[in-house]
There are 2 protein chains.
Amino acid sequence: MSGIFSNKCEYGLRAAVYIAALKKDQFVSIRSVAEALDISFYFLTKVLQTLTQANIMNSYRGPNGGISLSRPASEIHLNEIVIALEGRRSLEGCVLGLPECGGENPCPLHNRWMDIREEINQMLGSTTLQELADQNPVKLENIIKSAG
Amino acid sequence: MSGIFSNKCEYGLRAAVYIAALKKDQFVSIRSVAEALDISFYFLTKVLQTLTQANIMNSYRGPNGGISLSRPASEIHLNEIVIALEGRRSLEGCVLGLPECGGENPCPLHNRWMDIREEINQMLGSTTLQELADQNPVKLENIIKSAG
DNA sequence: ATAATTTAAGACAAAAAAGTCTTAAATATA
DNA sequence: TATATTTAAGACTTTTTTGTCTTAAATTAT
């Protein structure tokens, strides 16, 4: 009974927004992110490794190492993060899970779901980390631990 | 890496639409539904038990027993099925999984996601099994096994 | 009554997701 | 060079989801 996305994906999105909001041009340690967001350090490490492999983040080892966005926050869209962590199926698949479902072979919910899927993809594909990082500070604070 | 809903929920939706489309006023055996939809009989039994407990279906044991919709298909909305099988959080929760997120305490994605959540709830809350069952037969056939 | 059919309930098993830990590799600094 | 710091990789454990099976209960028909 989790949310619409997996924990992995929720954590990845939260971490990405957090890092973007720091507006720091050095590496940020995963440990500090994990503590700020109240996420298991070990698990977050795995999640961010995936984002690094997907070329969304950069990592650097050693003292003063950590992770950073691989590009300006204005060039990272949320759908990249979701696809890296959740897979394409979550954004492109049939609601009923039918692999054959598509334009010429629509399931009973196909058309109705298409509209929603479009909206989701539109939103995630057009929203950048920059936009989220530039929001009202109240909204940003709500992803960090002290808010909970 | 599954779809937007769990397997349980996908199966429940497919079975409900299938049963509605049969337009049969007797009980339909779970076994026949499982075969038609190519879903494990055992697992489907569990899923439909949940829908029966949620008062969406009726069941009856013994020869000629099986399951049926507990109400006219025109009075069963998709959101009921999703809530019964997937939980309220999937339709009402924060995209980032933050329990505190809400109107006065919005996460960075809150407003954007609200719009989409609204659409999803609107669609699922207004679409009935009847409407899906009355669609173009091609769409209906695509939930059954022979289509795969 | 007896046997056959069908769902209910609960135990059980397998697979996937979530989370933890250890060791290795890279890097910086003393 | 030696030590400390930090991510990478992979083993491992726990929890949840998914799927299977067995037995019980309800019901029908013989």
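A polar contact here is a pair of N or O atoms within 3.5 Å. Keep that cut-off in mind as we walk through this predicted model, beginning with one such pair: a phosphate oxygen of DNA strand D is 3.2 Å from a polar backbone atom of Asn7(B). Chain A reaches strand D through its backbone too, with a polar backbone atom of Gly62(A) 3.1 Å from a sugar or linking oxygen of the strand. A side chain joins in at Tyr60(B), where a polar atom lies 3.0 Å from a phosphate oxygen of DNA strand D. The elements that give two or more residues to the surface near this strand are helix 3 and strand 1 (57–60) of chain A, together with helix 1 (7–22) and helix 3 of chain B.

Stepping back, 26 residues lie around DNA strand D, and those that come nearest are Met1(A), Ile30(A), Lys46(A), Ser59(A) and Ser40(B). By class, this surface has 10 nonpolar, 12 polar and four charged residues. Of the strand D atoms within 4 Å of the protein, sugar or phosphate accounts for 65%, and bases make up the rest.

Now turn to DNA strand C. Here 25 residues surround the strand, with Ser40(A), Met1(B), Ile30(B), Lys46(B) and Ser59(B) the closest. Sugar or phosphate holds 67% of the strand C atoms within 4 Å of the protein, while the others belong to bases. One base contact involves Lys46(B): an N or O atom in its side chain is 2.6 Å from a base nitrogen of strand C. Ser59(B) instead places a polar side-chain atom 2.5 Å from a phosphate oxygen of DNA strand C, and Tyr60(A) has a polar side-chain atom 2.9 Å from a sugar or linking oxygen of that strand. Helix 1 (7–22) and helix 3 (41–53) of chain A, along with helix 3 (41–53) and strand 1 (57–60) of chain B, each give two or more residues to the surface near strand C.

Within chain A, how do helix 1 and helix 3 pack? Their axes are 10 Å apart, at an angle of about 75°, which means that helix 1 is roughly perpendicular to helix 3. Lys8(A), Tyr11(A), Gly12(A) and Ala15(A) in helix 1 meet Phe43(A), Leu44(A), Val47(A), Leu48(A) and Leu51(A) in helix 3. That contact comprises seven nonpolar residues, one polar and one charged.

Finally, look at the two protein chains together. In their interface, 43 residues of chain B contact 43 residues of chain A. About 4,200 Å² is buried between the chains, with carbon and sulfur atoms giving 63% of that area. Ile4(B), Pro108(B) and Arg112(B) supply 16% of the area that chain B buries against chain A, more than any other three residues.

Technical notes: Residues numbered from 1 in each chain as written. Chains lettered and ligands numbered in written order. Predicted model: local features only at pLDDT ≥ 70, side-chain atom pairs only at ≥ 80, totals over all residues. Heavy atoms only, no water. Near = heavy atom within 4 Å. Polar contact = N/O pair within 3.5 Å; in protein donor to acceptor, adjacent residues only side chain to side chain. Helix = DSSP H or I, 4+ residues; strand = E, 2+ residues; numbered from the N terminus. Axes fitted to C-alpha atoms, helices over the stretch in contact; angles between N-to-C directions. Parallel < 35°, antiparallel > 145°, perpendicular 65-115°, else oblique. Contact = heavy atoms within 4.5 Å. Nonpolar A, V, L, I, M, F, W, Y, C, P; charged D, E, K, R; others polar. Buried area = accessible area lost by both parts, 1.4 Å probe.
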